[in-house]
Amino acid sequence: MKYYDVFGESGYDSAFLTTYAFSAQAFEDVPFPRLRGAGCRNISVLADQRMVNTSFEEFGPPRFAGTLYHVVKISVPGAFHPKITLLSGAEKGRLLIGSANLTGLGLGGNRELIADIPYTAERPEYLHIFGQALRYIAGRVPSDDPWFPSALERAFRQSRWLQTAYLDETSENLEDLKLIIDRPDDAILGQMVEAIGGDPIERLIVISPFWDEGLEGLARLRVALGNPETDLLVQPSAGQFPVESVTRHDKLRLFNAAVDGSSRFVHAKLFLALGATWDHVISGSMNCSFPALLGPEASKGNAEAGVYKRVTRGAALTTLGLEEYEDHPLQFSDLPPKDQRATALSSPPAPADAGTFELHARRLTWRPSVHGAFDAREIRLLDRDESETGQVLEIGAASGKNWEIDPDMPRPRLAVVVATDGTRSAPSFVIDLDVLASSTRPVQRGRKRRIIDELEELEQEDLTILEALNELEMLDDSSQNEISAQSKPHAKETSTDTEKKDHKVLPYEAFVQARNRALEQNQHRPHWVAGRGETAASVINACLNRLVGLVSEDFSETDERALMQDASTDLRTTEPSQDDENTAESHDHSVTKQEKSAQRARAKATARKFLEAVQSFEKRTASLKEKRITTAELVRLRALLQVVMASAVPISGASRAHQVLTLNSKDGTEWPRLIGRLLLQHFGTIRALQLLDVEADEAEHTRVLDYLATARFAARAAVKGASASPALAPIQRKLKEIAADIDTQVKAISKGNDSDSASLAGLEEKLETRFGYLFS
């Protein structure tokens, strides 16, 4: 099997990968487009922080990290060294643990060794291994990472079996297969010995590309296994083995690990303990070195991951293709002495880490690195081509910072921190939560895919948005019911689960109080995990923001096309047929009196539909009186307000064909009246914010701000519209009262929070640009 072929297999929607060395170019050229092309879109990579920064500094930052996939920089005392790939889908999973980094050499150049563990409903015996591996990965992610909790939750929604494995820590380990990972109180060596058990070891065979200089790791391993005869398979041309240390050990033999004449670097790691009863095979990321095998004892022990497999006695060598290794012995003289060996060149210090940058809505948040002092002066924002966008952010004394980003500027993709002495950090990608939320959604099919596609094609607000919201909510409810039904037979609700549920949803007032406390303590947001992701409310709210131009230009779709083209994906287009062209033929006919009458009738019928939508909203709101509501209700009102304003006839000037709501009507369809009726429901019939429950997610608060800004703008527009129409004089006073009430609520919510005030002002400015013509 070629390692990179695995990433092109269909049936997986989530991928969690760990690596020591990370080459963004190699990853984005080979496995990443294969994963995306096969339908796997929810992708997270954990990599050693020092190696990431060095790679980005020397070879350039990634093109797609932060927008199409997530990268987490991990810092540990030694090296973050595990190489794990966990793939999950609705019906199956695949776990690969071995020696291969996510680099060009690791993916196709070196000789690597990788354990391949499957999961299906028909083969569930390895389910607990997936749970252990995912808990290990999640446990390495910093608690304040802005995206990983959402990626994990998204994987659980698509793969219920994976959530079951993750939550169930009580399952017993198999005797013949075990996951070996670094633990604070249990070294890799101890786990290896425990897995082997009491089976007397007659011979130990080791393949390792790197060793500690005194072979101390090997010595400890041999003592723990009863000092068996030991064969070391090394690659002379690599020049890494400390041959001088061999004389300190007895019963050692050396053999050539590269016997096929290939110059490929043998990067595989293997410990093969041949026992009296079993063959014990241990492989993974661990070199035969002191930091790898005895991490807790080493001052800078590594993070490692491997697999133990027990097989029939005498079967391991044949299975691994090593049955003839003894035919290629080495003499000490075949190996270069210390003064001729390849040694690690003295390299300059690793570039400073820029920290983490998170972009959500219009707010950029920076969390400086906690590792290493860096007297930061300013942050320079870059586009994907590493050209400066012109946005320079000054840094004050506080350790964490938030800035409002101009939505008319390109979305920043990269950031560099500049110190007071002019030193620059390694470039860091910006984690764009809004783009990630969309680009990493699972491939949708059927009705939901059709609805989302239709929303993305909308160029102006109309009633189809309300229809889409209703249908998406029904699909969400149906999906949740189906998931609940499927999970009941094996649901094990622990106290931890209950605590999560208790803290996930809370009244909006309590959310604001907690959020304000967090901000006062210089935290960029509450520490709760993200919410449910692409709900109906979030999809519709994103559509409304796009229509008003709130979100600046996003290049993720362009990137997606470029990525697929690079991966030789066939992006075919269909040329219009001759018949299609004929149907678009225009005819220059004068508009007759009869046609004008028909147009007026159609406009009146359309206006009637708006009135029916408002009446339906009033009934819905009345039924919710004194009941708890969610932000979906806020989005529903916001959508109706924008739809009405998009279809309103301006106070002065010509109207367009789709603008059917006038200022004078005999059937109550005047647009100021409809806006007033809508606003009265949330700011009169019910006090929406007092009845609002939200998930512990900053996106929920953003939706509240969007709702308030739209309501305030619409109220002011209605006041101006009513003032211009004598027929609406009876309702002018009531509209002014509603507008004043909304203005008071908006000020109360944003009081003392400059960021919220800026967000409200930013959206109202966009609304003014889009709908200001109504009363100009």
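# Exercises on a predicted chain

The structure holds 18 aromatic pairs; rings of Phe, Tyr and Trp (its six-membered ring) pair if their centres lie within 6.5 Å, with planes under 30 degrees apart counted as stacked, over 60 as edge-to-face and the rest as tilted. This is a predicted model, in which local features need pLDDT of at least 70 and side-chain atom pairs count only at pLDDT 80 or more, while totals for chains, interfaces and linings use all residues. Residues are numbered from 1 along each chain as its sequence is written, and side-chain values use heavy atoms, with hydrogens and water left out.

## Exercise 1: an aromatic pair

Task: Classify the ring pair of Y119 and W161, and place both residues in the chain.

Solution.
1. A pair of aromatic rings is described by the distance of the centres and the angle of the planes.
2. For Y119 and W161 the values are 4.3 Å centre to centre and 25° between the planes, and the pair is stacked.
3. Y119 belongs to strand β6 (residues 114–120) and W161 to helix α7 (residues 160–167). Helices (H or I, at least four residues) and strands (E, at least two) are DSSP runs, numbered from the N terminus.
4. The two residues are 42 apart, and the pair links distant parts of the chain.
5. Y119 and W161 are both buried, where buried means under 20% relative accessible area, exposed over 50% and partly exposed in between (1.4 Å probe, protein chains only).

## Exercise 2: other ring contacts

Task: Which residues do ring pairs link into a cluster, and what lies over the face of Y12?

Solution.
1. The cluster consists of F22, F27, F32, F64 and Y69, linked by ring pairs.
2. Over the face of Y12 lies K92, at 4.7 Å from the ring centre. The criterion for a charge over a ring is NZ of Lys or CZ of Arg within 6 Å of the ring centre and within 35 degrees of the ring normal.

## Exercise 3: the two sides of α3

Task: Which residues of helix α3 are buried, and why do they line one face of the helix?

Solution.
1. Helix α3 spans residues 49–59, and Q49, V52, N53, S55 and F56 are its buried residues.
2. Viewed down the axis of α3, these buried residues fall within an arc of 165°, so they line one face. The arc is that of the directions from the helix axis to the C-beta atoms.
3. The general background is that an α-helix has 3.6 residues a turn, so residues three or four places apart point the same way.
4. On the other side of α3, E58 and F59 are exposed.
5. The packing partners of the buried residues are α1 (24–29), β2 (42–48), β3 (70–74) and β20 (428–432).
6. At the start of α3, a side-chain oxygen of D48 comes within 3.2 Å of the backbone nitrogen of R50.
7. After α3 comes G60, with a positive phi near 100°.

## Exercise 4: two buried helix residues

Task: Describe the surroundings of Q191 and T621.

Solution.
1. Q191 lies in helix α8 (residues 188–196) and is buried, at 6% relative accessibility.
2. Leaving out residues up to four places away in sequence, Q191 touches L179, I180, I181, R183 and D186. Contact means heavy atoms within 4.5 Å.
3. A polar atom of the Q191 side chain lies 3.1 Å from the backbone oxygen of D186.
4. T621 is in helix α20 (residues 593–623) and is buried, at 2% relative accessibility.
5. With residues up to four places away in sequence not counted, T621 touches Q681, H682, T685 and I686.

## Exercise 5: positive phi outside glycine

Task: Where do N227 and E626 lie, and are they buried, partly exposed or exposed?

Solution.
1. N227 has a positive phi near 55° and is a residue other than glycine.
2. N227 sits in the loop between α9 (216–224) and β9 (229–234) and is partly exposed, with a relative accessible area of 27%.
3. E626 is not a glycine, yet has a positive phi of about 70°.
4. E626 is found in the loop between α20 and α21 (631–646) and is exposed, at 71% relative accessible area.

## Exercise 6: totals for the chain

Task: How many helices and strands does the chain have, and what percentage of its residues is buried?

Solution.
1. The secondary structure comes to 25 helices and 22 strands.
2. Of the 776 residues in the chain, 54% are buried.

How values were computed
Polar contact = N/O pair within 3.5 Å; in protein donor to acceptor, adjacent residues only side chain to side chain.
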